[in-house]
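These are my notes on helix packing and on a few single residues. I began with the contacts between helices and then turned to individual side chains.

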Amino acid sequence: MTNHIPVLIVGAGPIGLALAGDLAWRGIPSLIVERTDGTITQPKMDLIGPRTMEFCRRWGLEAAVRNCPYNPDQPQDNVWLESLTGYEFGREPFPSPREEAPPPQSPVKRERCPQDMFDPILRQWVESMPQATLRYRTELVGFDQRRDGVVATLRNAAGEDESVEAEFLVGADGGTSTVRQALGIEMKGQPTLTYTTNAIFRCPNFWGLHHTRKGYRFIFIGPEGTWSTIVAIDGYDRYRFSVVGDANRRTLSESEIRALIVRAMGKEFPFEILSIVPWVRRELVAESYGGGRVFITGDAVHLNSPTGAFGMNTGMQDAVDLGWKLTAILEGWGGSDLMASYEAERRPVALRNIREATANLQRMISPREKLSPLVFQPGPEGDVARKTFGDAYTQMMKHEWFTLPIHLGYRYENSPIICPDGTPPPDDPPMVYTQTARPGSRAPHAWLGDGRSTLDLFGQSFVLLRFDPKVETSALEAAARRCSVPFDVVDLDHDAARQLYVSRLVLVRPDGFVAWRGDALPQDANAIVDIVRGASLRPQLSTATQLRDTTV
Ligand SMILES: Cc1cc2nc3c(=O)[nH]c(=O)nc-3n(C[C@H](O)[C@H](O)[C@H](O)COP(=O)(O)OP(=O)(O)OC[C@H]3O[C@@H](n4cnc5c(N)ncnc54)[C@H](O)[C@@H]3O)c2cc1C
């Protein structure tokens with residue numbers, strides 16, 4: 001039997017689920033297939049960054065994530081130390097999730113919500129919408145790409161094959177992506193940064209066993225430098241221990257891992273190892289994000305060191321970028337080149353983020369290069385060495401802890417579907433994020449009163465913010481109507497927002513990015529609409545994503 005669906009999504013990790021959810025939220029049906037039964041044996045990601053939380057707010061999931069079963073009272077300090085019973089070199093204090101406030105630039109804050117809590121939230125949301133169909137224990141085994149769609153072969157747990165026709169296929173199928181490999185797309189960069197081993201262990205009395213104050217992440221530094229970390233993965237009794245490793249492959253037995261956990265504690269203690277997962281830390285981005293009728297997203301197109309928590313959060317931005325663009329094509333108002341802008345916008349962001357993640361890793365393991373043995377020596381000389389080292393490490397590691405420029409400050413600088421306003425790119429200093437409404441940027445947040453943010457105005461349509469009701473906008477409204485582009489004009493009489501958005505008119509896309517701004521409409525309002533819907537591209541558009549027939 002052959003079924004026909006608008007979008008077939010392969011992989012129900014967080015990115016596939018987010019894409020299916022975003023499409024359904026926009027009214028677009030999809031089928032999402034996942035080869036496992038959805039059980040997460042070991043959570044990978046656990047930090048939901050502020051941009052992802054802004055998406056969750058848009059989708060109505062903010063409270064569910066904020067109230068997830070992670071311990072809301074667990075302090076989120078990052079700590080560097082010899083062992084939990086040894087010397088502490090320094091720490092960066094952070095409040096518990098309950099105490100932390102949103103940064104001034106966002107209506108939401110980051111949340112600690114590990115994958116075995118976050119994926120079920122996304123899953124429940126997706127399953128609550130009739131447009132999305134979610135099938136576990138179903139694998140994509142091949143597909144045939146044609147000019148007008150894709151014919152995919154799916155295999156269920158009983159080994160039975162089924163043919164499905166889709167207008168678009170999206171591979172959200174993780175680092176070993178079947179879809180990417182079938183398209184013959186290579187990942188470029190550094191395939192091996194470290195061979196790392198993660199172990200989840202349970203220890204109910206963890207905080208009563210040592211003098212180290214509570215925190216979220218502990219980086220253990222011995223005479224050989226940085227060698228392991230422990231994170232409070234649920235804030236109660238489960239911890240994730242990572243042997244950071246290096247570029248040499250090493251397989252650790254359970255008894256070796258047990259001994260290393262004891263070393264991190266500094267003494268024997270009772271604990272239970274729940275799972276062990278060896279993995280490779282990489283710095284890779286796909287040469288292409290797909291084209292024609294097949295696109296790839298999330299870990300299938302970028303892999304980075306978890307240092308900074310950028311992996312899933314970058315993928316969520318991919319999913320949101322794809323979501324409105326696929327909707328535009330399927331509803332008939334997207335231009336023929338709109339899908340090409342997916343790679344043009346998202347790939348540079350991935351390149352930036354993977355490099356930053358590796359730089360964070362290098363900073364974290366830098367004590368391997370140079371560390372005075374005095375830092376482990378008791379007495380006043382040791383105290384001085386510890387203070388000198390600890391202060392310098394604390395200062396250096398701030399890059400990894402203060403990451404709003406990565407989470408909120410990413411820009412679509414050379415996007416073919418953004419209309420530049422001629423202003424130069426803003427400064428991009430590390431750790432500092434200044435909101436801007438320059439085209440190609442995330443539209444700024446300002447509180448509007450009654451708990452509403454400017455961000456709450458965006459999502460389903462293009463929104464033209466008008467800060468002066470006398471400015472004529474009917475030509476742009478008519479141009480949008482002509483192409484059936486969903487379009488709303490919102491008058492804002494609000495000083496803080498006016499200062500942030502600068503121009504009297506600001507056009508914001510359905511994903512919450514500024515597409516155009518000016519103090520008045522140009523002569524040809526149709527040109528703006530055609531650029532932002534991908535029907536009339538600015539000259540630098542690549543031709544990489546022309547329709548092509550592929551059979552795999
Ligand atoms: C230790 C660690 C900590 C991390 N911490 C963070 C963090 O705090 N924040 C963050 O943002 N990121 C973090 N990451 C990265 C994050 O976990 C990943 O970026 C994220 O899981 C990627 O999601 P995804 O949906 O793209 O891929 P995946 O989670 O890999 O999901 C892909 C899915 O596709 C399925 N699949 C594959 N092939 C097929 C097929 N042919 N047919 C059907 N199904 C298929 C797989 O079974 C899988 O379920 C961390 C990673 C690690 C290793």
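**Entry 1: helix 8 and helix 9.** I listed the residues through which these two helices touch in this predicted model. From helix 8, Glu356, Asn360, Arg363 and Met364 take part, and they meet Tyr393, Met396, Met397, His399 and Glu400 of helix 9. I sorted the residues of this contact by type and obtained four nonpolar, two polar and three charged.

I then looked up the geometry of the pair. Helix 8 spans residues 340-365 and helix 9 spans residues 380-401; their axes come within 9 Å and cross at roughly 160°. Since angles over 145 degrees count as roughly antiparallel, helix 8 is therefore roughly antiparallel to helix 9. I noted the handedness of the crossing of helix 8 and helix 9 as left-handed.

**Entry 2: Arg386.** I stayed with helix 9, where Arg386 is found. Is Arg386 buried or exposed? I read a relative accessible area of 6% for Arg386, and this residue is buried because the limit for that class is under 20%. Its side chain is joined to that of Asp383 by a polar contact of 2.6 Å. Setting aside residues up to four places away in sequence, I found Arg386 touching Tyr87 and Phe89, and also Leu374, Val375, Phe376, Gln377, Pro378 and Gly379.

**Entry 3: helix 2 and helix 7.** I next checked how covered helix 2 is. Helix 2 comprises residues 50-59, and 10 of its 10 residues are buried. The buried residues of helix 2 include charged side chains by name, among them Arg51, Glu54, Arg57 and Arg58. After helix 2 comes Gly60, for which I noted a positive phi, near 85°.

Which residues of helix 2 meet helix 7? I found Arg51, Thr52, Phe55, Arg58 and Trp59 on helix 2, in contact with Met312, Asn313, Met316, Gln317 and Val320 on helix 7. By type, the residues of this contact divide into five nonpolar, three polar and two charged. The axes of helix 2 and helix 7 are 9 Å apart, and the packing angle is about 45°. Helix 2 and helix 7 are therefore oblique to each other. I recorded the crossing of helix 2 with helix 7 as left-handed.

**Entry 4: helix 13.** I examined residues 525-532, which form helix 13, and counted six of its eight residues as buried. These buried residues are Ala525, Ile528, Val529, Asp530, Ile531 and Val532. I then asked what the buried residues of helix 13 pack against. Their partners are helix 7 (311-331) and helix 11 (474-482), together with strand 21 (462-466), strand 23 (505-508) and strand 24 (514-518).

I also looked at both ends of helix 13. At the N-terminal end, Asp524 acts as the cap, with a side-chain oxygen 3.1 Å from the backbone nitrogen of Asn526. Helix 13 is followed by Gly534, whose phi is positive, near 75°.

**Entry 5: His211.** I closed with a loop residue. Where does His211 lie? I placed His211 in the loop between strand 11 (187-202) and strand 12 (217-222). His211 counts as exposed because its relative accessibility is 54%. Beyond its neighbours within four places in sequence, His211 is in contact with Leu84, Thr85 and Gly86. His211 and Thr85 are 126 residues apart along the chain, yet I read a C-alpha separation of 6.1 Å. A polar atom of the His211 side chain lies 3.0 Å from the backbone oxygen of Gly86.

Terms used:
Residues are numbered from 1 along each chain as its sequence is written. This is a predicted model: local features need pLDDT of at least 70, side-chain atom pairs count only at pLDDT 80 or more; totals for chains, interfaces and linings use all residues. Side-chain values use heavy atoms; hydrogens and water are left out. Helices (H or I, at least four residues) and strands (E, at least two) are DSSP runs, numbered from the N terminus. Buried means under 20% relative accessible area, exposed over 50%, partly exposed in between (1.4 Å probe, protein chains only). Contact means heavy atoms within 4.5 Å. A polar contact is a pair of N or O atoms within 3.5 Å; within protein, one must be able to donate a hydrogen and the other to accept it, and residues adjacent in sequence count only if both atoms are side-chain atoms. Axes are lines fitted to C-alpha atoms, for helices over the stretch in contact, and angles run from 0 to 180 degrees between N-to-C directions. Angles under 35 degrees count as roughly parallel, over 145 as roughly antiparallel, 65 to 115 as roughly perpendicular and the rest as oblique. A crossing is left-handed if the near helix is turned anticlockwise from the far one by less than a right angle, and right-handed if clockwise.
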